[in-house]
Amino acid sequence: VVVAAISNVSLFYTGHLIVRRFFKDEPANVRWVVFGLASAWMIIALSVTLIFTRLFTIPGVIISSLIIVVLVWFFWGKHAGLYEEIIPVRRFILSYVEGKSAILLLAAFFVVLFQVSRALLIPPVSWDSLTYHMTQAALWIQNGGFTHLGIPDAWDCYSHFPGNGEIVFSWLMLPFRSDLLVNLGNFPFFLLGALAAYSLARELGVGGKESFLATGLVIFSPPLFSYVTTQYVDIQTFTEELCGVLFLVRYVRNEKPRDAIVAFAALGLAAGTKVVSLQLLFISCVVIFAMLILKRTNVKVLLTTFVGIFIVTSMVAIPWYVRNWIETGSPLYPFSVSMGNFEIFPGSQYLYTVLSSLEMNLKDKNYESLLYWLQTCVFCDKIPLVFGPEFMPVIIGGTIGLILGLRSHKRIQWLIISIICCSELAQFMSNTMRVIRLHWMGVSQRFLMLFFTLMVISGMFVFTRVGKWKQPIA
């Protein structure tokens with residue numbers, strides 16, 4: 001308990017000081033997103049450093065946490081203001097505790113409370129948790145640093161996936177050296193994802209009530225909510241990506257280096273959690289660098305942005321890919337990297353043998369794809385894992401919303417949202433994802449969460465615009 005208190009309070013207070021130093025003038029919901037993201041970044045960056053230096057022990061965590069908070073307090077301690085942060089949050093919550101919003105908020109509270117109780121009562125027995133998420137985290141705790149799984153053939157691929165997700169669960173296992181709290185690992189990201197969804201909707205011009213409703217539709221959608229008590233890292237990845245999109249859109253609006261740096265802190269976390277996030281990281285790099293060049297940014301701001309982006313990304317993402325490159329000759333192992341018929345980096349022969357055998361069982365490609373989208377709209381499993389009947393209305397409304405957004409005064413921000421939507425859907429429909437998409441129809445829906453969220457927000461933009469059109473002209 002003492003270990004958890006010292007380390008977490010130290011790093012949370014560090015996150016508070018970062019918010020007060022750089023985002024004091026922002027709305028409460030944005031400040032709390034920065035606080036959650038900064039705290040998560042500090043925990044993961046510290047853990048990555050300790051794991052690869054084999055100092056991931058109780059003394060190592062306590063000492064390093066205290067050093068960090070003392071250094072940050074020395075430079076930015078004068079900006080502290082815990083009480084000032086509580087008042088706006090109270091106002092923000094009270095603004096929705098009325099009418100239908102109060103009923104929805106109360107229902108959401110009890111649903112989440114039920115899941116928290118369930119998480120504390122049941123053991124962590126989900127498939128991927130037992131296969132490698134929990135196993136790797138436990139090995140790092142036992143050995144005080146990075147340790148291979150030590151399992152043969154295709155199973156060895158799990159040792160080469162990025163490990164930021166496993167770090168969260170190892171952090172929860174460290175104080176008690178048990179799995180007592182690991183089922184709670186996704187709840188902080190679940191709440192942070194809700195704040196990020198609301199903040200992104202508001203940033204794009206969606207009304208307050210519509211943003212609140214969009215947040216509910218997103219966080220309680222089955223492909224997200226079904227995994228909240230597991231050790232699957234998809235909720236974490238989704239939240240990190242969504243935070244990255246939020247601050248990318250903010251940077252396009254205000255061109256402040258702080259937003260670009262926070263965006264890449266989030267996207268660096270995502271790339272260090274799942275390989276699929278590299279695509280969004282690349283798109284964001286193109287957007288940021290294009291703006292810096294086209295706007296003819298002065299040298300000081302340019303260097304500040306570049307150095308900040310490099311530091312926050314490299315500390316939480318690059319170590320996993322460098323380790324892979326050293327051990328296997330490929331940073332993206334076990335996945336292969338090819339350009340046409342030319343193979344740049346080889347993948348795992350065991351992994352592709354398994355995928356080929358699964359693909360042989362698939363029927364006609366077009367038929368299977370049609371069946372996939374039909375099953376997306378129907379709850380066909382005992383535990384709902386697909387979007388269900390809401391999927392098609394969301395896609396139709398979201399498409400209309402994107403068109404309206406591209407015709408609004410925030411057309412550049414909406415253009416970026418449109419590009420991200422197209423890239424996420426294209427990645428999901430690619431041949432690389434075909435076996436995952438068609439062989440595991442239900443569980444594959446979680447890879448569409450960012451696309452779905454952006455479409456929900458776009459759909460709510462339609463309601464905001466319709467509400468404005470209905471207003472009488474003075």
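The legends below describe three close-up views of a predicted model.

**View 1. Cysteines C243, C421 and C422 in a model with zero disulfides.**
A disulfide is a covalent bond between the sulfur atoms of two cysteines, and the count for this model comes to zero. C243 takes part in no disulfide, since the nearest cysteine sulfur, which belongs to C421, is 17 Å away. For C421 the closest cysteine sulfur is that of C422, at 6.8 Å, and because a disulfide requires sulfur atoms within 2.5 Å, this separation is too far for a bond. C243 counts as buried because its relative accessibility is 0%, and C421, with a relative accessible area of 3%, is buried as well.

**View 2. Helix α11, residues 234-254, and the residue that follows.**
Helix α11 has 21 residues and reaches 30 Å from its first C-alpha to its last, which is close to the 30 Å expected at 1.5 Å a residue. The helix is mostly covered, with 19 of its 21 residues buried. Just after α11 comes E255, which takes a positive phi of about 55°.

**View 3. The packing of helix α1 against helix α2.**
Helix α1, residues 2-22, and helix α2, residues 28-52, pack at an angle of about 135°, and their axes lie 8 Å apart; the two helices are therefore oblique to each other. The crossing in which α1 passes α2 is right-handed. On the α1 side, the contact is made by N8, L11, F12, T14, G15, H16, I18 and V19, while α2 contributes R31, V34, F35, A38, S39, M42, I43 and L46.

Note on methods: Residues are numbered from 1 along each chain as its sequence is written. This is a predicted model: local features need pLDDT of at least 70, side-chain atom pairs count only at pLDDT 80 or more; totals for chains, interfaces and linings use all residues. Side-chain values use heavy atoms; hydrogens and water are left out. Buried means under 20% relative accessible area, exposed over 50%, partly exposed in between (1.4 Å probe, protein chains only). Helices (H or I, at least four residues) and strands (E, at least two) are DSSP runs, numbered from the N terminus. The expected span of a helix is 1.5 Å times one less than its number of residues. Axes are lines fitted to C-alpha atoms, for helices over the stretch in contact, and angles run from 0 to 180 degrees between N-to-C directions. Angles under 35 degrees count as roughly parallel, over 145 as roughly antiparallel, 65 to 115 as roughly perpendicular and the rest as oblique. A crossing is left-handed if the near helix is turned anticlockwise from the far one by less than a right angle, and right-handed if clockwise. Contact means heavy atoms within 4.5 Å.
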